[in-house]
Amino acid sequence: HAGTTPLPHRRDALLGACRVVQAVRDAAEAQAPAGRGTVGQFIVHPNSRNVIPGRVEFTIDLRHPEDGPLMLMADAVRETMDRVCAEMGLSGDMSEIWYQPPTPFDAGCIDVVSRAASDLGLAAMPIISGAGHDAKYLAQVCPTGMIFIPCKDGISHNEIEDASQEDVAAGCNVLLQAMLDQAGV
């Protein structure tokens, strides 16, 4: 009970989980600028306002375009969880429920898209998408690249994503030119 248990006698699973959440952020920052770490779901038991949480379940999503730094991030979080549990008298388990290796896109496709943008007088730059796209799965069976266009306020993969008709048309023209180039037209 929160009111009767002195702080030194508590085994607060939520406090321990919060320290691991910070480790997720720290691990991503240690692999900057491409590291990503997110805790997006928390389930606290017993979830009562005056009971010290005895169990917490949460998800961790780690991303990086290279496998080595991704593994370093996971190891850092796991080491912190083990240390926090030992220090606080808690037990913890971290299990991988899904792993998808980073997928590089085809250099030739990237080059032809870059040339198409340049030929059209459009500004272009290489970017790495941290979001999942169908192209990630296509890249496992055929040469693949992607074309991104500017979105209002830089927001994408969100229900408020918005792009101007001009930017959509420019992206379509880059795709058309890249396809014509590949077709030898």
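A residue is called buried when its relative accessible area is under 20%, exposed when it is over 50%, and partly exposed in between, with a 1.4 Å probe and only protein chains considered. By that scale E57 is partly exposed, because its relative accessible area is 36%. Keep these words in mind as we walk through the structure.

A word on what you are looking at: this is a predicted model, in which local features need pLDDT of at least 70 and side-chain atom pairs count only at pLDDT 80 or more, while totals for chains, interfaces and linings use all residues. Residues are numbered from 1 along each chain as its sequence is written, and side-chain values use heavy atoms, with hydrogens and water left out.

Let us begin with the overall layout. The protein is divided into domain 1, residues 7-88, and domain 2, residues 107-183, with bounds that come from an automatic or database domain assignment. The C-alpha centres of domain 1 and domain 2 are 35 Å apart. Helices and strands are named here from DSSP runs (H or I of at least four residues for helices, E of at least two for strands), numbered from the N terminus. In the loop between α2 (67-88) and α3 you will find G92, which is partly exposed because its relative accessible area is 44%. Follow the chain from G92 to A107, 15 residues further along, and the C-alpha atoms of the two turn out to be separated by 42 Å.

Now to the charged pairs. Side chains of opposite charge can pair when their charged atoms come close. A salt bridge is counted when a side-chain nitrogen of Lys or Arg lies within 4 Å of a carboxyl oxygen of Asp or Glu, and by this rule there are six salt bridges. One of them joins E29 and R25, with 2.9 Å from N to O. Both residues sit in helix α1 (residues 13-30), four residues apart, or about one turn of the helix. E29 counts as partly exposed because its relative accessibility is 47%.

E57, which we met at the start, pairs with R55 in a salt bridge of 3.2 Å, N to O. R55 is partly exposed, since its relative accessibility is 45%. Another salt bridge links R63 with D61, at 2.9 Å from N to O. Here R63 is partly exposed because its relative accessible area is 33%, and D61 is partly exposed because its relative accessibility is 30%. Elsewhere, D111, R115 and D181 are joined into one network by salt bridges that share partners.

The backbone has some details to look for as well. A32 and P33 are joined by a cis peptide bond with omega of about 5 degrees, and P33 belongs to the loop between α1 and β1 (36-38). A cis peptide bond also joins H45 and P46, again with omega of about 5 degrees. P46 is in the loop between β2 (42-45) and β3 (55-58), and N47 has its place in the loop between β2 and β3. N47 is not a glycine, yet its phi is positive, at about 60 degrees. N47 is exposed, because its relative accessible area is 63%.

D153, also a residue other than glycine, has a positive phi near 60 degrees. This residue, D153, is found in the loop between α4 and α5, and D153 counts as exposed because its relative accessibility is 68%.

Next comes a pocket. The second largest pocket holds about 380 Å³ of space. Its lining has 17 residues, and those closest to its centre are V113, G145, M146, I147 and L175. Helices α3 (107-119) and α5 (165-183) each supply at least two residues of this lining, and α5 gives the most, with seven. On a 1 Å grid over the protein atoms alone, a pocket is an open set of points where a 1.4 Å probe fits, with protein on both sides within 12 Å along at least five of seven lines, and lining residues have an atom within 4 Å of a point. Points are joined across faces, edges and corners, and the volume is the space filled by probe spheres set on them.

Our last stop is on the surface. I97, W98 and Y137 form a nonpolar patch with about 430 Å² of accessible area together. Such a patch takes residues with over 30% relative accessible area and no salt bridge, joining nonpolar side chains (Val, Leu, Ile, Met, Phe, Trp, Tyr) within 5 Å and like charges within 9 Å; accessible areas come from the Shrake-Rupley method with a 1.4 Å probe, and for residues only the protein chains shown count as cover. Y137 lies in helix α4 (residues 134-138) and is partly exposed because its relative accessibility is 42%.
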